[in-house]
Amino acid sequence: MVTNQSVLILGARSDIGRAIAHTFAGHGRPIVLAARRAADLNVDVADISARYQVAASAIEFDVIDGGATRFFDSLPELPDVVVMVAGLLGDQAVNEVDQDAAMRVMATNYTGPACYLLEVARRMEARGSGAIVGISSVAGDRGRRSNFVYGSAKAGFTAFLSGLRNRLAAQNIQVVTIKPGFVATRMTAGMKLPPALTAAPQEVADATWRAVTKGSDVVYVRSVWRLIMWIIRSIPERLFKRLSL
Amino acid sequence: MDRTGDTPVIARGAARSYGDASFGPGLTLDMRRLDHVTAFDAASGVMTCEAGVLLSDVIRLWTPRGWFPPVTPGTKFVTIGGMIASDVHGKNHHLAGSFGDHVISFRLALGDGSVATCSRTENVDLFEATCGGMGLTGVILEATFRMIPVRSARIMQETQRAPNLAAAMDLFEAGSERTYSVAWIDCLATGAELGRSAVIFGDHASPDDFDSDARSAPFSRRTPNKRRIPLDFPGFALNRASVSAFNKLYYKRQAPGRRLVDLEPYFYPLDAIQDWNRIYGQRGFVQYQCVLPLATSRDGLAALLTEIARAGDPSFLAVLKRLGRESFGLLSFPLEGYTLALDFPATDRTFGLLDRLDDITLEAGGRLYLTKDARMRRAMLEASYPRLDRFRAVREQYGFTTRFRSALSDRLGL
């Protein structure tokens, strides 16, 4: 990678988004932070440029607004790396009875990110270079009763990234799927997470950096999750449907 | 934050104080999320950052650019806010003073929804009470302080051995122009060898000090070996024999002479061993750090070391340091004189010993460092911090006494 390659973080206010921004900026990459209420990101812009002496800016972005074309038209230039971090865990119990809540989770984790990345892909293909990173989830590897609204949306996003990678493989455009597993963030604050399976946001960021520089396709941030999800996927449905996972 | 003022709060930075300063009867504010660098002026070295910024980040990012913190404590895993609240000192205190001396201003949340900017010219009472104020005078949100320019990421270290306490103190006095100085004392040496130590001086190295092949990259750094204590040691592992052996070995390893060393192992030897405190096992340890005025240092230190050697409780780590003049902070620890810092396993016998050390310290006109303390009695504090009344008056005046409370402030009536 050339060191001046710019990086766009979609969902930059999240802990994972922030860690990714710092990590790429730490390697000298100019950063564009995109999130709702972008004016609040000015402290992050100042922070990143003071710490890493790179160009940084903030731009308004809402993953479920259906405005991908307008959004990319408004950017001064198409970034070299686009990282989709936006996501919403939601509350499974609420999602089962509140369709608006369920739709919001589906839109934030799947349809919204997919529409934005379709637009990115089209533009990167025209240019003939670029890297697309999607932060998906191990929850998408198999639907489970504890979080299947979120999990199904992530499953859709994972499948989307897989297909997009296939589609763009011949065009010199890299597509990376990151599956973090549990991460200690504001999204999971208050949950009891097993320490051995729980990554810090920085680990997700480091994994993302390595994936982009090494040209990886699918990355489990902590490799134990690859094994865990392989086991979970291997359980026969007849048995699986009776389990409490 | 609860604005009714019913629930007391205390801010916590990186939670590296040794005692009960960062928790209390009410809520604890985790400041680590408030960690943005606001501005840095490369012409003057002035940095403005939020209180939760880690010193380790500042060092990692700014040393290669030729800037170093003006004062650094013995661990880099502290926040800027915590450095102000403890008014930390370092190995350069005799010349540079404490961290508060390099703070230009800070923004302080007063607990009633208002935020005050404090400096030497604005809200001076709050500025003086907050530097060293242990978080009891509001919540520091953001601070502006001066960094110092450095020409490399190395220290030219010079080690001299002192066969006893008097020799160590003579070395400190003779080396008063050296940027950094500290002594490691073998606490188990007695009699004519009482205070046997290795005195380590240091100055920021310039590229001229380097071998010719390294001169072109004065800020390059070797990747430090990261070691980790994987489990709590059992209690019997730490005894007079093992600590004595460790101290002898350490003393021997401090070969006299000059050599270039990297910044990090020089300033933060224990940071290289993650979870080092686990060698003390489940009961943990207490740290004891006192300062004695210059006039009484020689006799007072001898009395302290004699008492420690007599008690035979192993102190793994014993550090002696010459301090410079007293700071403006109302509860700041440093005094012109000598400070002695010791680690002890937290046993009943230790607490008995520390009470006897308190008597010696008080007799000598010295005092204890609140950031290290977990057990001093209120009378000891009141007899040794002459500006305590002014600190308490500021707490009263701004309504802080019910708003900002920690276990430390409850214990000592701050």
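A residue counts as buried here when its relative accessible area is under 20%. Keep that cut-off in mind for the views below, which come from a predicted model.

**Figure 1. Chain B as a whole.** By that cut-off, 57% of the 414 residues of chain B are buried. The chain carries 13 helices and 19 strands. Take the contacts in chain B with a separation of 6 or more: 73% of them involve residues 24 or more positions apart. The accessible surface adds up to about 16900 Å², with 52% of it on carbon and sulfur atoms.

**Figure 2. A five-stranded open sheet in chain B.** Here 5 strands line up in the order E3-E4-E8-E6-E7, with antiparallel pairing. The edges belong to strand E3 (37–41) and strand E7 (115–119); each has a single partner strand, so one side of each has no neighbour in the sheet. From one strand to the next, the twist averages 10 degrees. Zoom in on the E3 edge and you'll find 4 bridges joining E3(B) to strand E4 (residues 46–50) of chain B. One bridge pair to look for is B:Asp41 with B:Val46, the latter in E4(B).

**Figure 3. Where chain B meets chain A.** On the chain B side 10 residues are in contact, and on the chain A side 12. Together the two chains bury about 990 Å², 43% of it on carbon and sulfur atoms. Three residues to pick out are B:Arg33, B:His36 and B:Arg65, which supply 47% of the area that chain B buries against chain A, more than any other three residues. The count of salt bridges between the two chains is 3. B:Arg33 also turns up in a salt bridge with A:Asp15, where the closest N and O atoms are 2.9 Å apart.

**Figure 4. Helix H2 of chain A and its surroundings.** Which residues of helix H2 (residues 42–52) of chain A are buried? They are A:Asp44, A:Val45, A:Asp47, A:Ile48, A:Ala50, A:Arg51 and A:Tyr52. Within chain A, the buried residues of H2(A) pack against helix H1 (15–26), strand E2 (31–35) and strand E3 (56–60). They also pack against E3 and helix H1 (55–62) of chain B. A salt-bridge network takes in A:Asp44, A:Asp47 and A:Arg51, along with A:Arg18, B:Asp35, B:Asp57 and B:Arg60. Just past the helix, A:Gln53 has a positive phi of about 55 degrees.

**Figure 5. Salt bridges inside chain B.** Over all chains, the whole structure holds 41 salt bridges, and this view picks out a few in chain B. B:Glu193 pairs with B:Arg196 at 3.4 Å, N to O. B:Glu193 is partly exposed at 41% relative accessible area, whereas B:Arg196 is buried at 13%.

Next, B:Glu326 and B:Arg367 form a salt bridge, their closest N and O atoms 3.0 Å apart. B:Glu326 sits in the loop between strand E17 (318–323) and strand E18 (337–345), and B:Arg367 in strand E19 (residues 367–368), so this pair ties together parts 41 residues apart in sequence. B:Glu326 is partly exposed, at 32%, while B:Arg367 is buried, at 2%.

Finally, B:Arg375 and B:Asp355 meet at 2.9 Å, N to O. B:Arg375 lies in the loop between E19 and helix H10 (378–384) and B:Asp355 in helix H9 (residues 348–363), so the parts they tie together are 20 residues apart in sequence. B:Arg375 is buried, with 13% relative accessibility, and B:Asp355 is partly exposed, with 26%.

Technical notes: Residues are numbered from 1 along each chain as its sequence is written. Chains are lettered from A and ligands numbered from 1 in the order in which they are written. This is a predicted model: local features need pLDDT of at least 70, side-chain atom pairs count only at pLDDT 80 or more; totals for chains, interfaces and linings use all residues. Side-chain values use heavy atoms; hydrogens and water are left out. Two strands pair if DSSP finds at least two bridges between them. Helices (H or I, at least four residues) and strands (E, at least two) are DSSP runs, numbered from the N terminus. Axes are lines fitted to C-alpha atoms, for helices over the stretch in contact, and angles run from 0 to 180 degrees between N-to-C directions. Buried means under 20% relative accessible area, exposed over 50%, partly exposed in between (1.4 Å probe, protein chains only). Contact means heavy atoms within 4.5 Å. Accessible areas come from the Shrake-Rupley method with a 1.4 Å probe; for residues, only the protein chains shown count as cover. Buried area is the accessible area (1.4 Å probe) that two parts lose on being put together, summed over both. A salt bridge is a side-chain nitrogen of Lys or Arg within 4 Å of a carboxyl oxygen of Asp or Glu.
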